[in-house]
Amino acid sequence: MTKEQDYNKDFLQRTAERLMSSGQYAEAAEIYGQLVEKYPGEDSFLLAKAWAHHDSGRRDEAIACFEQLFSKELSRKVFTGFAFDELVRLYKDGRQYESLVTICRQAVEAQPDEMPLMRELGDALLKAGRAVEAVDIFEKITQLEPDAPELFCLLGEALVAAGRLDSAEAAYQQAIALDPTGSAPFNQRLANAFAEVGQFDRAEEMLNRSLAARADDPLCLIRLAEIQIKQQRYMEAKSSVEAAIAFNPRFAASYYNRLGHALADAGRHQDAVEIFGLAIALEKNNAFYYLYQAESYDKLNLPEEAEKARRKAEGIAPAKKK
């Protein structure tokens, strides 16, 4: 490379960096594009171009750059995975789950012994709605690392998504056997998975198992209340919230707020108005509670009451949303 070529290269690079520093990302991307054409072997320019496109809001162009870098990563003996990590993030953010599956599968094929890549593939398959394939991946992973409770939890979640509920419970029991101290959180995690597929009876059973391991867990009691509302057992739900408050009275208003939202989501707006009122009585300066109450008044076709609640909210300094 001649001195003149060196000068031109440095000049273009400095120009692009100044443009990036001043927020002129699209212009910087154009300059980096020139550098990529002139020096195709220097990945740093392609990477800089990707970030310039990303920061200018040209997401598709950024992805195209990262895909080129990812192809280079796959061809090397040492898999750095930087472009892969960025593509995973971008595809997840854009809910491009089939594209996510594709790159994860390519990465696993290139690095078949890398457990984190297999795990990422299993997660991608789940997000893409391909639960049966995800189960196959997580079963392989648990066979490779049979002493890792977290992997059995992931297998359990895939099994729930695949409709194999008894097998999912068995997977979580294996996780608990490996780490008995995780009994409460593992059972809560399985409860959430069951609830997501509408298996509320099973979810409640898992939450009760969690409470058997740790009875003074207020958040588990709140989650139980939400499940009980799904089952139209409103008085039991209120009792569960009151039990949570007994363990942690400092957060009573927040707990009532969650109960109010669960009731509103279930269409029980008269009950929701009452519960939001309990939250307001405890935290009169939280404007959001008045606004949530106003929404339920609207659903009850009580515009005057809704307007009163909103006026009270307007008279309060902005509070942090709970």
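These exercises work through helix packing, burial and backbone angles in a predicted model.

**Exercise 1. Which way does helix 15 run relative to helix 17, and which residues make the contact?**

Solution.
- Step 1: find the geometry. Helix 15 covers residues 252-265 and helix 17 covers residues 287-299. Their axes come within 11 Å and cross at roughly 20 degrees.
- Step 2: classify the angle. Angles under 35 degrees count as roughly parallel. Helix 15 is therefore roughly parallel to helix 17.
- Step 3: give the hand. The crossing of helix 15 and helix 17 is left-handed.
- Step 4: list the residues. Helix 15 contributes A253, S254, N257, H261 and A264. Helix 17 contributes Y289, Y292 and S296.
- Step 5: sort by class. The contact of helix 15 with helix 17 has four nonpolar residues, four polar ones and no charged ones.

**Exercise 2. At what angle do helix 4 and helix 5 pack, and how do the contact residues divide by class?**

Solution.
- Step 1: take the angle and the spacing. Helix 4 (residues 59-75) packs on helix 5 at about 145 degrees. The two axes lie 8 Å apart.
- Step 2: give the hand. The crossing of helix 4 and helix 5 is left-handed.
- Step 3: list the residues. On helix 4 they are R59, I63, F66, E67, L69, F70 and E73. They meet F82, A83, F84, E86, L87, L90 and Y91 of helix 5.
- Step 4: sort by class. The contact of helix 4 with helix 5 has ten nonpolar residues, no polar ones and four charged ones.

**Exercise 3. What span is expected for helix 3 and for helix 7, and which of their residues are buried?**

Solution.
- Step 1: check helix 3 (residues 43-55). Its 13 residues should span 18 Å at 1.5 Å a residue. The end C-alpha atoms of helix 3 are 18 Å apart, so the two values agree.
- Step 2: check helix 7 (residues 115-127). Helix 7 has 13 residues and reaches 19 Å between its first and last C-alpha, close to the 18 Å expected.
- Step 3: list burial in helix 3. The buried residues are D43, F45, L46, A48, K49, A50, A52 and H53.
- Step 4: list burial in helix 7. Here the buried residues are M115, L117, M118, L121, G122, A124 and L125.
- Step 5: find the cover on helix 7. It includes helix 5 (82-93), helix 6 (97-110) and helix 8 (131-144).
- Step 6: look just past each helix. G57 follows helix 3 with a positive phi of about 85 degrees. G129 follows helix 7 with a positive phi near 80 degrees.

**Exercise 4. Where do R95 and N301 lie, and are they buried or exposed?**

Solution.
- Step 1: recall the background. Most residues other than glycine have a negative phi.
- Step 2: take the angles. R95 is not a glycine, yet its phi is positive, about 55 degrees. N301 is not a glycine either, and its phi is positive at about 60 degrees.
- Step 3: place them. R95 sits in the loop between helix 5 and helix 6. N301 is in the loop between helix 17 and helix 18 (303-314).
- Step 4: judge exposure. The cut-off for exposed is over 50% relative accessible area. R95 has 63%, so it counts as exposed. N301 has 64%, so it is exposed.

**Exercise 5. Is S240 buried or exposed, and what does it contact?**

Solution.
- Step 1: locate S240. It lies in helix 14 (residues 234-247).
- Step 2: apply the cut-off. Buried means under 20%. S240 has a relative accessible area of 7%, so it is buried.
- Step 3: name the partners. Leaving aside neighbours within four places in sequence, S240 is in contact with L221, L224, A225 and Q228.

Conventions: Residues are numbered from 1 along each chain as its sequence is written. This is a predicted model: local features need pLDDT of at least 70, side-chain atom pairs count only at pLDDT 80 or more; totals for chains, interfaces and linings use all residues. Side-chain values use heavy atoms; hydrogens and water are left out. Axes are lines fitted to C-alpha atoms, for helices over the stretch in contact, and angles run from 0 to 180 degrees between N-to-C directions. Helices (H or I, at least four residues) and strands (E, at least two) are DSSP runs, numbered from the N terminus. Angles under 35 degrees count as roughly parallel, over 145 as roughly antiparallel, 65 to 115 as roughly perpendicular and the rest as oblique. A crossing is left-handed if the near helix is turned anticlockwise from the far one by less than a right angle, and right-handed if clockwise. Contact means heavy atoms within 4.5 Å. Ala, Val, Leu, Ile, Met, Phe, Trp, Tyr, Cys and Pro count as nonpolar, Asp, Glu, Lys and Arg as charged, and the others, Gly among them, as polar. The expected span of a helix is 1.5 Å times one less than its number of residues. Buried means under 20% relative accessible area, exposed over 50%, partly exposed in between (1.4 Å probe, protein chains only).
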